[in-house]
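Hi,

Here is the structure I said I would pass on to you. Please have a look through it, and then read on for what turned up.

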Amino acid sequence: MARRNLNDLLAFVTVAREGSFTRAAAKLGVTQSALSQAIRGLEERLQIRLLTRTTRSVAPTVAGERLAKAIGH
């Protein structure tokens, strides 16, 4: 469980930094689908939206920015 949480946090930070699921997935060596599921699972466990997604961009929400800052992004 702890490893999954750490992996999901790494996934979140990478997506937030890259601003793109495509680039983050390539950097992490996973599929976009797996990355999206990891972020969705993290958001569900935390019960808060961390990323704002549009068809052209991904950006952290205010809560996502706080989380990124708290974990040293």
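**What turned up**

Ser20 touches Val15 and Val58, leaving aside residues up to four places away in sequence. Please keep in mind that this is a predicted model. Ser20 lies in the loop between α1 (2-18) and α2. Is it buried or exposed there? With a relative accessibility of 11%, Ser20 falls under the 20% cut-off, so Ser20 counts as buried. Its side chain also has a polar partner: one of its polar atoms lies 3.1 Å from the backbone nitrogen of Arg23.

Next comes the pair of helices α2 and α3. Helix α2 covers residues 21-28 and helix α3 residues 32-46, and the two pack at an angle of about 100° with their axes 9 Å apart. Angles of 65 to 115 degrees count as roughly perpendicular, and α2 and α3 are therefore roughly perpendicular to each other. Which residues make the contact? From α2 come Phe21, Thr22, Ala24, Ala25 and Leu28, and they meet Gln32, Leu35, Ser36 and Ile39 of α3. By character, the residues of this contact divide into 6 nonpolar and 3 polar, with no charged ones.

Helix α4 (residues 62-70) is worth a look down its axis. Ala63, Gly64, Leu67 and Ala68 are buried in this helix. Viewed that way, the buried residues of α4 fall within an arc of 135°, so they line one face of the helix. Val62, Arg66, Lys69 and Ala70, on the other side of α4, are exposed. What covers the buried residues? The cover includes α1, α3 and β2 (58-60). After α4 comes Gly72, with a positive phi near 90°.

One more backbone detail may interest you. Most residues other than glycine have a negative phi. Gln47 is not a glycine, yet its phi is positive, at about 60°. Where does Gln47 sit? Gln47 lies in the loop between α3 and β1 (51-53). Its relative accessible area is 72%, so Gln47 is exposed, whereas Ser20, in the loop between α1 and α2, is buried.

If you open the model with these places in mind, I would suggest going through them in the order above. I would be glad to hear your thoughts.

Best wishes

Technical notes: Residues numbered from 1 in each chain as written. Predicted model: local features only at pLDDT ≥ 70, side-chain atom pairs only at ≥ 80, totals over all residues. Heavy atoms only, no water. Axes fitted to C-alpha atoms, helices over the stretch in contact; angles between N-to-C directions. Helix = DSSP H or I, 4+ residues; strand = E, 2+ residues; numbered from the N terminus. Parallel < 35°, antiparallel > 145°, perpendicular 65-115°, else oblique. Contact = heavy atoms within 4.5 Å. Nonpolar A, V, L, I, M, F, W, Y, C, P; charged D, E, K, R; others polar. Buried < 20%, exposed > 50% of the residue type's maximum accessible area, 1.4 Å probe, protein only. Polar contact = N/O pair within 3.5 Å; in protein donor to acceptor, adjacent residues only side chain to side chain. Arc of directions from axis to C-beta.
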